[in-house]
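Grab a coffee and open the viewer. Below is a set of short exercises, each with a worked solution to follow on screen.

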Amino acid sequence: MSARRLVGLETEYGIIRPSMPKANSTVLSAQIVDAYAQLVAEQDSAAKAARWDYTDESPLQDARGFAMDRDQAHPSQLTDVEPGLEDEEGIWTAESIALDGNDAHVGSTLYQEKDSTDVVMNMVLGNGARLYVDHAHPEYSSPESMTPRDAVLWDQAGDEVMRRAAATAQRLGSGELLLYKNNTDNKSVSYGSHENYLMPRDVEFSSIASGLTPFFASRQIFCGAGRVGQGMLNERASFQISQRADFFEAEVGLETTVNRPIINTRDEPHANWDKYRRLHVIIGDANLGQISTLLRVGTTNLVLSLIEAGMAPRLELEEPVVALQQISHDPTLKTKVRLRGGVQLSAIEIQRHYLQAAENYCADRGIDDPGTTEILSRWAEILDMLERDPMEAADQVDWIAKYKLITSFTARHQLSLADPRVAMMDLQWADLRTDKGLYYRMAERGAIQGLFSQEQINQAVANPPEDTRAYLRGMTLQRYAPFVVAANWDALSFAVPGARKISRFHMPEPLRGTRNQIGELFEAQLEIAEFIDELARRR
């Protein structure tokens, strides 16, 4: 047990064009992805966007031992097909956009000069990540990493990728596109910030669900992003801890956009099916703050290790969805939620049960590596601060930093939280522009702690983690992009000059393909056929 575990984070970004507020968001998202593909090509004339390979996708397989019928699934669950550009009138192809480029809800010159085969909506990046259109949002899915700090770093790289894509889209004539790292438009729509954790398949899913539910309901106190408004429709003008809490309606389930569950049952490991399970977590907020993200990933890693060892605290919420929302609605952190049997605990008290279990387990087994020690130490310190006074953690926890800023503003100007200026602040907090976003302006003043420099983030934009298969994927895209016809998390497909068939290389082991294992292949500058042969030999 330690804080090390294979992790990947996914972020769907809010997007608008200020000059055309009713512009179709799916089209805008396509412009972001396509612009980044053009930026990559500008930087390296040999580079191109590799098509995403949907061969191994199985989005309707349920971890409880069955598969949902395709005709019963919500369209958003069908992630095993190429995305289309949709509006209320049907499906837009790239060709129809080129023909209809002057339409007010398209509003782009970018596609008017493009062939229908040119528009890129899905690409694999040289740092091992995926950038694509996920229905109405541009999404960055980070490469697999092995430590909480690396998970934070390559998540931050995603924010930088999006900023560069928006700047490129504007330069290429798409107009100004604004991106927001948040989770709701406050008009009934919520979009995701998902986490993915690799686990052994032999761990019973029922124990995962029971061990995680109280933890997920309460961890928002140190990794919530904060929201002005309550309810899916923003019915009440009050501040709450989590942007996502009010959009959850079930305890366990396969859905991600309707009837959202606290525990998602999607069973799609993107790895050796017999050995691994990918726990797909949909309940987190999108964090701008690096420490909130570190705590979100690091504490979850430790709790999963407790579950695998059969050592998770025996806690059971009487009404998990109600408890999730009760905790979110109380920034004072005083609310106690009911457990089965009548005991009532606060979110801080629930978290202390998990922290104590993790501390005891690590102490008993002499687990004291620096990464685990950092997470345990930060976990304990943040709970102590939250118990004394949540405002003590304003330089580390997203929701508290936002809450402090907004309450100071409303007090100074004698405003209520229902004032439109407060809603604008809530949105501007998540603006990815570093000179406009309120989070970034506070961070620039030193009011929010960080973990990484801009130079380190830039390096993560350009390069993959070195200790997972993301290294093989990313470096292959950097060195052999013209020959990569498709890629996904666990496969690369090559078209070799003179060969009669596509060569598909499988990567079912997430910890194979690291720099230590194959770095010399890229240094040797092999021809593509030699490179593929050498990969096959080392399989």
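The exercises move from the cores to a sheet, a helix, and then some single residues.

This is a predicted model, where local features need pLDDT of at least 70, side-chain atom pairs count only at pLDDT 80 or more, and totals for chains, interfaces and linings use all residues. Residues are numbered from 1 along each chain as its sequence is written, and side-chain values use heavy atoms, with hydrogens and water left out.

**Exercise 1. Find the residues that touch the most other members of the largest nonpolar core, and the helix that gives the most to this core.**

Step 1: get the terms straight. A nonpolar core is a set of buried Ala, Val, Leu, Ile, Met, Phe, Trp, Tyr and Cys residues joined through side-chain atoms within 4.5 Å. Buried means under 20% relative accessible area, exposed is over 50%, and partly exposed is in between, using a 1.4 Å probe and protein chains only.

Step 2: pick out the hubs. The largest core has 122 residues, and Tyr36, Tyr140, Leu212, Ile221, Phe222, Leu279 and Trp379 touch the most other members.

Step 3: look for the main contributor. Helix H3 (residues 148-171) puts in 10 residues, the most of any. Helices (H or I, at least four residues) and strands (E, at least two) are DSSP runs, numbered from the N terminus.

Step 4: check for another core. There is a second, separate one of 25 residues, with Ala50, Val484, Leu521 and Phe531 among them. As background, nonpolar side chains in soluble globular proteins tend to be buried together.

**Exercise 2. Work out the strand order of the open sheet that contains S20, and say which strands stand at the edges.**

Step 1: start from strand S20 (residues 484-488). Four of its five residues are buried.

Step 2: go to one side. S20 pairs with strand S3 (residues 51-52) in the parallel sense over two bridges; pairing takes at least two DSSP bridges between the strands. Tryptophan 52 has alanine 487 of S20 as its bridge partner.

Step 3: go to the other side. Strand S21 (residues 491-494) runs antiparallel to S20, and four bridges join them. Here valine 484 stands opposite phenylalanine 494, and the two strands form a hairpin with two residues between them.

Step 4: put the order together. The four strands run S3-S20-S21-S22, with mixed pairing. S3 and strand S22 (503-506) are the edges, each with a single partner strand, so one side of each has no neighbour in the sheet.

Step 5: see what covers the sheet. Helix H14 (residues 470-480) lies across S20, S21 and S22, at about 20 degrees to S21. Angles run from 0 to 180 degrees between N-to-C directions, with axes fitted as lines to C-alpha atoms, for helices over the stretch in contact.

**Exercise 3. Decide how the buried residues of H15 are arranged around its axis.**

Step 1: list them. In helix H15 (residues 515-523), they are Ile518, Gly519, Leu521 and Phe522.

Step 2: look down the axis. These residues fall within an arc of 160 degrees, so they line one face of H15; the arc is that of the directions from the helix axis to the C-beta atoms.

Step 3: check both faces. The buried residues pack against H14 and helix H16 (528-537), while the face turned away carries the exposed residues Asn516 and Glu523. Just after H15, glutamine 525 takes a positive phi of about 55 degrees.

**Exercise 4. Is glutamate 144 buried or exposed, and which side chains does its own side chain meet in polar contacts?**

Step 1: locate it. Glutamate 144 is in the loop between strand S10 (137-141) and H3.

Step 2: check its accessibility. At 6% relative accessible area, glutamate 144 is buried.

Step 3: find the partners. The glutamate 144 side chain has a polar contact of 2.7 Å with the side chain of arginine 469 and another, also 2.7 Å, with that of arginine 473. A polar contact is a pair of N or O atoms within 3.5 Å; within protein, one must be able to donate a hydrogen and the other to accept it, and residues adjacent in sequence count only if both atoms are side-chain atoms.

**Exercise 5. Which side chain makes a polar contact with that of arginine 227?**

Step 1: place arginine 227 in strand S13. Its relative accessible area is 0%, so arginine 227 is buried.

Step 2: find the partner. Asparagine 186 makes the side-chain contact with arginine 227, at 2.8 Å.

Key
Contact = heavy atoms within 4.5 Å.
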